[in-house]
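User: I want the reasoning behind the labels used for this model. Take me through them one by one.

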Amino acid sequence: MARKASLSGFPEWLPQERLVELHVLDVLRRTFELHGFANIETRAVETVGQLLRKGEIDKEVYALSRLQAEEGEGPAKQDPNQLALHFDLTVPFARYVVENAGHLAFPFRRYQIQKVWRGERPQEGRAREFTQADIDVVGDGDLPFRYDVELALVIAEALGALPIPDFRIRVNNRKLAEGFYRGIGLEDTAGVLRSIDKLEKVGADRVAELLQEELGATPEQASLALKLASIRTEDESFVDQVRALGVTNELLDTGLDELRQVIAEAARRAPGKVIADLSIARGLDYYTGTVYETVLVGHEQLGSICSGGRYDSLATKGNRSFPGVGLSIGVTRLVMRILSQEFAEASRSVPTAVLVTLADDDSWSAAQDVAAALRGRGIAVEVAAKAEKFGKQIKYADRRGIPFVWFTAEDGTHEVKDIRSGDQVQADPAVWTPPAEDLLPQVSARG
């Protein structure tokens, strides 16, 4: 279990915990690259105008300024050119695409793993500084819908390789929802989506009240909206359930077909992992089609560990548009739960596999020769700092979590000891290698 951060909302990991986080990052990076996603990194700051142009989240944005302003400078709260830390990676990515469009090959497939900052109330799973891992595919002018299907499968593969409990990627489609709402006479579709988005927090009765009080819905309209949101299937049967509600609309038909494609392919390639859940709305305004949210089974109270969707107009440059689809994994949220529930652990807290001991202080240089030979073959090595009794040097290795201790005799021969088993054998620094499982710290699932 990670120690409590001294500054609330800004977690720090101990070395063994950091190894678990690095394992998660390595798995995600490897999976994304296997699917052809190129890595980028964007700057940590954007202008306030850039960050706020696709949604009112100003209460969550951390502004950036010098402690002492230049003479004549006043408060810059309303200045769109004020700098602020990015709160996600999607908005900066949209800006990056527009600015570098002439240098990118479309469709552009990117993954991005960076820190982001958000002024939320800290609690388990929610931090003010945290790491996200995003993948997106962006087109120039148009983007085939099949990328919406592909991204769900990539994320299912990535999450399936992590030391976490079972998960469900819950998928909906904004066209489906908005077409349905219009079909029953509710034109403020954004307002309905905002109310439906509160369903798991406040319950169906309260959402029905909100729809009537704030949006002027009739009891019948509110009831139909909630019936739509109650539909969840692992296969294409959701289409018939929606049709059974008797609502017709062209946009609804388009959304139904798009969601059917996602679920049909996922049922074949990742059975049980991707489900149609027509309660998923997503709070940000820029989603225009497919929307995704992911939960850990049995840990739903943690909230979504991976979310995203289709956006057709987030990035534009004059008459040129760059539609895209993307998903974002909350790495810090996942790592917090992995550590608190002990889902995985690292085999040791240091990369060092071998400690080279000193018989006397004059042997330090020769010990460095041994270390260099081992390092030249990719083995992590430390050399003892002083020639204490061998027992003390072994205790140092044990305290550090170093599995092997190296000894050099006066005649120049070498032996290496596995301090866990006590086995000690002759060894040649030019050829000796530890077992594969001991070469690097291993992160493994528990239980």
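Analyst: This is a predicted model. Start with T90, which sits in helix α3 (residues 90–100).

User: Why is T90 called buried?

Analyst: The cut-off for buried is under 20% relative accessible area. T90 has 9% relative accessibility, so T90 counts as buried.

User: Which residues does T90 touch, leaving out those up to four places away in sequence?

Analyst: D134, Y286, Y311 and L314. Each has heavy atoms within 4.5 Å of T90, so each counts as a contact.

User: What makes D136 and R110 a salt bridge?

Analyst: The N to O distance between their side chains is 2.5 Å. The limit is 4 Å, so the pair qualifies. In general, side chains of opposite charge can pair when their charged atoms come close.

User: What does the pair of D136 and R110 tie together?

Analyst: D136 lies in strand β6 (residues 129–138) and R110 in strand β5 (residues 108–117), so the bridge ties together parts 26 residues apart in sequence.

User: Are D136 and R110 buried or exposed?

Analyst: Both D136 and R110 are buried. The setting of R110 is covered too: nine of the 10 residues of β5 are buried.

User: How do you know that β5 and β6 pair?

Analyst: Pairing needs at least two bridges, and 10 join β5 to β6, so they pair. The two strands run antiparallel. R110 stands opposite D136 in β6.

User: What makes β1 a partner of β5?

Analyst: Two bridges join strand β1 (residues 38–39) to β5. At least two are required, so the pair meets the criterion. These strands run parallel. R110 appears here as well, as the bridge partner of A38.

User: How many salt bridges does the whole structure hold?

Analyst: The search finds 30. Another of them is R232 with D277.

User: How do you know that R232 and D277 form one?

Analyst: Their closest N and O atoms are 3.0 Å apart. That falls within 4 Å, so the pair is a salt bridge. It links distant parts of the chain, 45 residues apart: R232 is in strand β8 (residues 232–233) and D277 in strand β9 (residues 274–277).

User: Why do R232 and D277 get separate exposure labels?

Analyst: D277 has a relative accessible area of 0%, under 20%, so D277 is buried. R232 has 42%, between the 20% and 50% cut-offs, so R232 is partly exposed.

User: What makes R446 and E342 a salt bridge?

Analyst: The closest N and O atoms are 3.3 Å apart. The limit is 4 Å, so R446 and E342 qualify. R446 is in the segment after β19 (443–445), and E342 in the loop between α12 (331–340) and β13 (344–346). They are 104 residues apart.

User: Why is R446 called partly exposed?

Analyst: R446 has a relative accessible area of 41%. Partly exposed lies between 20% and 50%, so the label fits. E342 also has 41%, so E342 is partly exposed as well.

User: Which residues form a salt-bridge network?

Analyst: R43, E46, R95 and E99 are joined into one network by salt bridges that share partners.

User: What is the strand order in the open sheet of three strands?

Analyst: The order is β2-β4-β3, with antiparallel pairing. Its edge strands are β2 (45–47) and β3 (63–64), as each pairs on one side only.

User: How do you know that β3 pairs with β4?

Analyst: Two bridges connect β3 and strand β4 (residues 83–85). At least two are needed, so they pair. In β4, L83 is the bridge partner of L64.

Conventions
Residues are numbered from 1 along each chain as its sequence is written. This is a predicted model: local features need pLDDT of at least 70, side-chain atom pairs count only at pLDDT 80 or more; totals for chains, interfaces and linings use all residues. Side-chain values use heavy atoms; hydrogens and water are left out. Helices (H or I, at least four residues) and strands (E, at least two) are DSSP runs, numbered from the N terminus. Buried means under 20% relative accessible area, exposed over 50%, partly exposed in between (1.4 Å probe, protein chains only).
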